[in-house]
Amino acid sequence: MNRKRILLFSLPLLFFGLLVALFLRGLELDPRRVPSPLIGKPAPTFTLPRLHDPAKTFSTAEMKGKVWLLNVWASWCVACRDEQPLLVDFAQRHLVPIVGLDYKDDPRDGKRWLAALGDPYDVIAVDASGRVGIDWGVYGVPETFVIDKHGIIRHKVIGPIQPEILEHRLLPLIRRLQEEPA
Amino acid sequence: MRRAMRIATMLILLLAGLPQAGAVIEIHQFDDPAQEALYDQLTHELRCLVCQNQNLADSHADLAKDLREEIYEMVRAGKGKQQIIDFMVQRYGDFVLYRPPVKPLTLPLWLGPFALLSLALAVYAFIVYRRSRRGAAEALLDAAAREKARRLLGDKEQEHS
């Protein structure tokens with residue numbers, strides 16, 4: 001009888017412990033990080049004018065057979081400012097082409113911003129209307145996509161890339177993808 | 001006269017401030033009331049990804065504005081509800097839906113409340129059952145005690161008489 005009672009009284013305690021565990025896990029999760037349904041799917045194609053040479057266009061078809069990064073940024077985006085030094089450093093290692101998508105931005109502001117903070121991009125496409133951003137499911141600039149040789153989106157980073165994420169997640173992934181047959 | 005003018009100025013200022021107090025005001029023309037209803041329904045059922053606890057209709061976020069425009073154009077082009085919802089889910093995932101679809105991953109979400117309710121009912125039934133049994137046992141005990149008491153009292157009564 002006594003043992004049964006102890007068991008009964010420890011039940012709410014157990015339940016409480018379970019809730020605490022759930023809430024602790026919930027604290028670590030970031031609701032802003034919505035998993036992208038585009039991972040594992042073909043990257044949406046686009047053809048847009050280039051920032052530095054608006055007469056010419058950039059098309060995603062040009063990247064076929066290459067592993068590449070698409071970094072969505074804008075001069076109005078505060079978090080992009082934090083990310084830029086890391087990207088500039090990374091670009092100097094010439095490991096992977098980085099395509100910039102200047103999202104809903106005035107090209108003049110974009111150019112001024114790059115002159116001030118550095119330009120890590122191999123090519124920059126201008127998405128003035130934000131249409132391409134919608135196709136790529138962009139909702140929190142900066143966002144960075146890793147696209148493989150077959151044009152499939154393999155990974156997405158929402159928000160500024162942190163050094164640990166670059167070294168431990170993006171770089172190993174890029175190396176692995178580069179070894180895949182085209 | 002001066003007072004009347006002051007009141008008039010105040011009223012004008014008040015009225016000028018009114019539209020800002022309301023929700024998002026955008027003018028979208030529809031030829032067909034059914035299309036307008038569809039647009040209303042969709043913007044109320046789809047979530048804004050920037051301010052996550054608002055739907056597209058209420059959100060002032062830039063992206064929400066663009067998405068409303070996108071939906072408006074799709075509705076005008078005669079696209080159906082499911083087509084537009086698919087367009088959104090393809091890009092932003094199930095998260096954009098305030099009404100999540102029933103699929104293996106969301107089953108706990110849909111069935112969880114019913115499971116908890118059944119569990120609560122089972123516990124309740126068990127407690128009620130146990131109480132009723134204990135109540136019967138106590139009543140039995142009572143009867144025995146009463147019998148004993150009556151006997152004792154009866155004995156005393158006999159002694160007195």
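These legends describe close-up views of a predicted model.

**View 1. A salt bridge joins two loops of chain A.**
A:Glu62 and A:Arg50 form a salt bridge, with their closest N and O atoms 3.2 Å apart. The pair links distant parts of the chain, the two residues being 12 residues apart. A:Glu62 sits in the loop between strand 2 (57-59) and strand 3 (68-73), while A:Arg50 sits in the loop between strand 1 (47-49) and strand 2. A:Glu62 counts as partly exposed because its relative accessibility is 39%. A:Arg50 is also partly exposed, at 22%. A search of the whole structure finds 17 salt bridges over all chains.

**View 2. Helix 3 of chain A carries a salt bridge along its length.**
A:Arg112 and A:Asp109 meet through their side chains in a salt bridge, at 3.5 Å from N to O. Both residues belong to helix 3 (residues 107-117) of chain A and are 3 residues apart, which is about one turn of the helix. A:Arg112 is exposed, with a relative accessible area of 56%, whereas A:Asp109 is partly exposed, with 31%. A:Lys111 lies in helix 3 of chain A as well. A:Lys111 counts as partly exposed because its relative accessibility is 36%. Leaving aside neighbours within four places in sequence, A:Lys111 is in contact with A:Leu51 and A:His52. The C-alpha atom of A:Lys111 is separated by 67 Å from that of A:Phe9, and the two residues are 102 residues apart along the chain.

**View 3. A salt bridge pairs a buried residue with a partly exposed one.**
A:Asp148 forms a salt bridge with A:Arg154. The closest N and O atoms of this pair are 2.7 Å apart. A:Asp148 is buried, because its relative accessible area of 2% is under the 20% limit. A:Arg154 is partly exposed, at 28% relative accessibility.

**View 4. A salt-bridge network includes residues of chains A and B.**
A:Lys104 from chain A is linked with B:Asp62 and B:Asp66 from chain B in a network of salt bridges.

**View 5. A:Lys149 is buried without a salt bridge.**
A:Lys149 is found in the loop between strand 6 (143-147) and strand 7 (153-158) of chain A. A:Lys149 is buried yet has no salt bridge. The nearest side chain of opposite charge belongs to A:Glu180 and is 7.1 Å away. That distance is over the limit, because a salt bridge needs the nitrogen and the oxygen within 4 Å. The side chain of A:Lys149 does reach the backbone oxygen of A:Glu180, at 2.7 Å. Leaving aside neighbours within four places in sequence, A:Lys149 has contacts that include A:Lys64, A:Gly65, A:Leu177 and A:Pro181.

**View 6. Strand 6 of chain A is mostly covered and pairs with strands 3 and 7.**
Of the 5 residues in strand 6, 5 are buried. A:Glu143, A:Phe145 and A:Ile147 point one way from the strand, and A:Thr144 and A:Val146 point the other way. In a regular strand, side chains alternate between the two faces of the sheet. Strand 6 and strand 3 of chain A run antiparallel and are joined by 5 bridges. Here A:Phe145 is the bridge partner of A:Leu70. Strand 6 also pairs with strand 7 of chain A in the antiparallel sense, over 5 bridges. In this pairing A:Ile147 stands opposite A:Ile153. Strands 6 and 7 form a hairpin with 5 residues between them. In the turn, A:Gly151 has a positive phi of about 80°.

**View 7. The largest nonpolar core has members in chains A and B.**
This core holds 76 residues. A:Phe46, A:Leu70, A:Trp136, B:Ile71 and B:Tyr92 touch the most other members. Helix 3 (residues 62-76) of chain B gives the largest share of the core, 7 residues. Leaving aside neighbours within four places in sequence, B:Ile71 is in contact with B:Tyr39, B:Leu42, B:Thr43, B:Leu46, B:Leu56 and B:Ile84. In soluble globular proteins, nonpolar side chains tend to be buried together.

**View 8. Chain B has 5 helices and 0 strands.**
Along the sequence, chain B follows the pattern α-α-α-α-α. Chain B has 161 residues, of which 24% count as buried. Among contacts in chain B with a separation of 6 or more, 55% come from residues 24 or more positions apart.

Note on methods. Residues are numbered from 1 along each chain as its sequence is written. Chains are lettered from A and ligands numbered from 1 in the order in which they are written. This is a predicted model: local features need pLDDT of at least 70, side-chain atom pairs count only at pLDDT 80 or more; totals for chains, interfaces and linings use all residues. Side-chain values use heavy atoms; hydrogens and water are left out. Helices (H or I, at least four residues) and strands (E, at least two) are DSSP runs, numbered from the N terminus. Buried means under 20% relative accessible area, exposed over 50%, partly exposed in between (1.4 Å probe, protein chains only). Lys and Arg count as positive and Asp and Glu as negative; His and the chain ends are not counted. A polar contact is a pair of N or O atoms within 3.5 Å; within protein, one must be able to donate a hydrogen and the other to accept it, and residues adjacent in sequence count only if both atoms are side-chain atoms. Contact means heavy atoms within 4.5 Å. Two strands pair if DSSP finds at least two bridges between them. A nonpolar core is a set of buried Ala, Val, Leu, Ile, Met, Phe, Trp, Tyr and Cys residues joined through side-chain atoms within 4.5 Å.
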